Amino acid sequence: MTEMKFDEKTISNAIHTKWAGKTVHFAEEVDSTNEWAKKLGKDGAEHGTLAVADYQSAGKGRLGRRWTAPSGSCITMSVLLRPDFEPQYAPMLTVVMGLSVAQAAQKMGVETSIKWPNDVVVSRKKICGILTEMSVEEGKIRYVVIGVGINVNLDTIPEGLEDKATSLYLETGKKFDRNEIAAYAMEAFENNYERFIKTCDLSFLQEDYNRMLANFGQPVRVLDPIAPYEGVACGIDERGGLIVEKKDGTRICVSAGEVSVRGLYSYV
């Protein structure tokens, strides 16, 4: 298919939500959509404001890693939120967004799953990275920014990442409309966020998440820096921790901020 136009108007026209992505800011190029969304937040932008770039030159991943993608190939966007809940609940929003992107890809007809906690995977390789950042003042959240990078029409994977990363195009041989995927992600996120804030945990989303969890029922290695161990993943609890059953039958809830988990024989 011909590359669809991707700009403020086409993205706005595709999104049908009450607040998530209702206001879209678009740029051909920025350093980082998260940094841009944080500036918008400081300038008083409303809850649900979406910052989207065709290309970002200094995208950020977890642990300060750099993330870049060629123009026209990916979705790089950040949504600004102004929650009323306490700061300790905000990290779970990364899981909420991971589920939302996975649901959006499924709606596009792609068989998608989630590697705990929030890596969206196709054919057991990652197609999406998510980074959540927060500003707190006097113990209250000023704003939360969730950055999302989705490999959509990327036709090559950077050297050294071929076994871990892929794109929708590489897995299906089809080009996708980025407007449509961004819209589906915002629609799913709005729905999931509203379910999340009822309890400020994942109890209303657990079932949907566990159904998409690539690790569910699978052997995993918990990369605890002090004492790594193996077990079987049994899904997440209402706080987003991964429940792992060890060989002796005991169950441990693993926190995403503390350790990472790998499949025994692959990335997933």
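In what order do the strands of the open five-stranded sheet stand? The order is β13-β12-β11-β10-β14, and the pairing is antiparallel. β13 (251–254) and β14 (261–263) stand at the edges with a single partner strand each, so one side of each has no neighbour in the sheet. From one strand to the next, the twist averages 45 degrees. Strands count as paired if DSSP finds at least two bridges between them. Helices (H or I, at least four residues) and strands (E, at least two) are DSSP runs, numbered from the N terminus.

The model is predicted: local features need pLDDT of at least 70, side-chain atom pairs count only at pLDDT 80 or more, and totals for chains, interfaces and linings use all residues. Residues are numbered from 1 along each chain as its sequence is written, and side-chain values use heavy atoms, with hydrogens and water left out.

The protein has six helices and 14 strands. Its radius of gyration is 18 Å, close to the 18 Å that the globule rule gives for 268 residues, so the protein is as compact as a globular protein of that length. The radius is taken over C-alpha atoms, and the rule is 2.2 Å times the number of residues to the power 0.38. The C-alpha trace spans about 55 × 50 × 30 Å along its principal axes. Of the 268 residues, 52% are buried (under 20% relative accessible area, with exposed over 50% and partly exposed in between; 1.4 Å probe, protein chains only). Among contacts with a separation of 6 or more, 64% join residues 24 or more positions apart. Contact means heavy atoms within 4.5 Å.

A second open sheet holds seven strands in the order β1-β2-β5-β9-β8-β7-β6, with mixed pairing. Its edges are β1 (24–30) and β6 (113–115); each has a single partner strand, so one side of each is left without a neighbour in the sheet. The twist here averages 20 degrees from one strand to the next. β5 (residues 74–81) and β9 (residues 140–151) run antiparallel and are joined by eight bridges. Thr-76 has Gly-149 of β9 as its bridge partner.

Two helices lie across strands of this sheet. α2 (residues 33–42) crosses β1, β2 (50–56), β5, β8 (125–137) and β9, at about 150 degrees to β9. α5 (residues 178–199) lies across β2, β5 and β9, and runs at about 30 degrees to β5. Axes are lines fitted to C-alpha atoms, for helices over the stretch in contact; angles run from 0 to 180 degrees between N-to-C directions.

Helix α3 (residues 93–107) has 15 residues, which at 1.5 Å a residue should span 21 Å; its end C-alpha atoms are 21 Å apart, in agreement. The expected span is 1.5 Å times one less than the number of residues. Twelve of the 15 residues of α3 are buried, including Leu-93, Val-96, Met-97 and Leu-99. Just after α3, Gly-109 takes a positive phi of about 90 degrees.

In the five-stranded sheet, side chains alternate along β10 (residues 219–222). Val-220 and Val-222 point to one face and are buried, whereas Pro-219 and Arg-221 point to the other and are not. β10 and β11 (residues 229–236) pair antiparallel over four bridges, and form a hairpin with six residues between them. Val-222 has bridge partners in two strands: Tyr-229 in β11 and Val-261 in β14.
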